[in-house]
Amino acid sequence: MKIPKIVSCKSPTLFFKLFALCWLFFVFALKAEAQIAVIGGVNFSDVRNDVSLENKEGLTAYHFGVSVQYYPIKSLEKLSITNELIFSQKGYQQSFAEDYTFRFNYMALPILVNYEPYPFFSIQCGIELSQLMSTSIKQGMKTYRHFDTGLVLGISVFDNSRISFYSRATYGLRYMLDYVVIDEMGNFDRDINDIYNVCFSAGIKIKLRNEKIAFGK
């Protein structure tokens, strides 16, 4: 019988911190108009996997944080960039004799490009960098990878108003877990890299000021 053994792995925590600081410096140093907002909403989270997870179900969680949307090119008013810093809870559930819930709490840094074909509607795409802060699983911080990245695609409505609404899908690109499969003789058989975050989010965005603020001027 082959036994899967979980091994710990390093994560680029320092890279995440340095990238976040450099990006925020770039945002505030750039000569551009911007808007600051608070955001919050619900996550419908799950994981995709190569090795079968029996009786797996999705998990309803939440997210909240701050958003800076700025317009780097004055001649292209329909194009903007959004930088967010959010607390985002993800995970999944499994049902056997008991129900087991796997929650992962991330500090996420989405970087999104927005295009507004109509005054009341915009399209978003970009990446999300996430740092694992805590889990609901015993020894979870020693088991799961701390750093995650994902592709983001979403829409926003009434973005030109003080209050707007958004929905987005995040498709995880980095595996969360390393398995080492051991054969019946106790030898290492192969490595398995598995479990990827998948999340659909919907929420509300409230601008602190509806007017654009001039940065770097």
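1. Let me start with the pairing of strand 5 and strand 6. In this predicted model, strand 5 (residues 79-95) and strand 6 run antiparallel and are joined by 15 bridges. The connection between them is a hairpin of three residues. If you want one position to look at while you have the structure open, take I81, whose bridge partner in strand 6 is V113.

2. Strand 6 also pairs with strand 7 (residues 121-135): these two run antiparallel, with 13 bridges between them. Here the hairpin has two residues between the strands. Two bridge pairs are handy for orientation: Y118 has F121 as its partner in strand 7, and F104 stands opposite T135 in that strand.

3. What does strand 7 pair with in the antiparallel sense over 11 bridges? The partner is strand 8 (residues 147-157). I127 can serve as a marker for this pairing, since its bridge partner in strand 8 is L151. Following the pairings along, strand 5 is bridged to strand 6, strand 6 to strand 7, and strand 7 to strand 8.

4. For the chain as a whole, the secondary structure comes to two helices and 13 strands. Of the 217 residues, 42% are buried. Taking contacts between residues at least 6 apart in sequence, 66% join residues at least 24 apart. The exposed area is about 11800 Å², and carbon and sulfur atoms supply 64% of it.

5. Now the interior. The largest nonpolar core has 11 residues: V47, L53, Y92, F102, F104, Y106, L132, Y144, M176, L177 and I195. Strand 6 (residues 99-118) gives the largest share of this core, with three residues. As general background, nonpolar side chains in soluble globular proteins tend to be buried together.

6. F102 is a good core residue to click on. Setting aside neighbours within four places in sequence, F102 is in contact with L59, K90, G91, Y92, Q94, S136, I137 and Y144. Among these, Y92 and Y144 are also members of the core. K90, another of the F102 contacts, returns below in a salt bridge with E128.

7. How many salt bridges does the structure hold? There are three, and I would go through each of them. One is formed by D46 and K56, with their closest N and O atoms 3.1 Å apart. D46 lies in strand 2 and K56 in strand 3 (residues 56-57), so the pair ties together parts that are 10 residues apart in sequence. Both ends are partly exposed: D46 has a relative accessible area of 23%, and K56 one of 26%.

8. The salt bridge between R168 and E84 has its closest N and O atoms 2.8 Å apart. Because R168 lies in strand 9 (residues 163-172) and E84 in strand 5, this pair ties together parts that are 84 residues apart in sequence. Are these two residues buried or exposed? Both R168 and E84 are buried.

9. E128 and K90 form another salt bridge, the closest N and O atoms being 3.0 Å apart. This pair links distant parts of the chain, with E128 in strand 7 and K90 in strand 5, 38 residues apart. E128 has a relative accessible area of 5% and K90 one of 2%, so each of them falls under the 20% cut-off and counts as buried.

10. Finally, please have a look at N43, which is found in strand 2 (residues 32-48). N43 is buried, with a relative accessible area of 0%. What does its side chain reach at 3.2 Å? That is the backbone oxygen of Y62. The side chain of N43 also makes a polar contact with the side chain of S88, at 3.0 Å. Beyond neighbours within four places in sequence, N43 is in contact with L59, T60, A61, Y62, H63, S88, Q89, C199, F200 and S201. L59 appears in this list and among the contacts of F102 as well.

Definitions and conventions: Residues are numbered from 1 along each chain as its sequence is written. This is a predicted model: local features need pLDDT of at least 70, side-chain atom pairs count only at pLDDT 80 or more; totals for chains, interfaces and linings use all residues. Side-chain values use heavy atoms; hydrogens and water are left out. A nonpolar core is a set of buried Ala, Val, Leu, Ile, Met, Phe, Trp, Tyr and Cys residues joined through side-chain atoms within 4.5 Å. Buried means under 20% relative accessible area, exposed over 50%, partly exposed in between (1.4 Å probe, protein chains only). Helices (H or I, at least four residues) and strands (E, at least two) are DSSP runs, numbered from the N terminus. Contact means heavy atoms within 4.5 Å. Two strands pair if DSSP finds at least two bridges between them. Accessible areas come from the Shrake-Rupley method with a 1.4 Å probe; for residues, only the protein chains shown count as cover. A polar contact is a pair of N or O atoms within 3.5 Å; within protein, one must be able to donate a hydrogen and the other to accept it, and residues adjacent in sequence count only if both atoms are side-chain atoms. A salt bridge is a side-chain nitrogen of Lys or Arg within 4 Å of a carboxyl oxygen of Asp or Glu.
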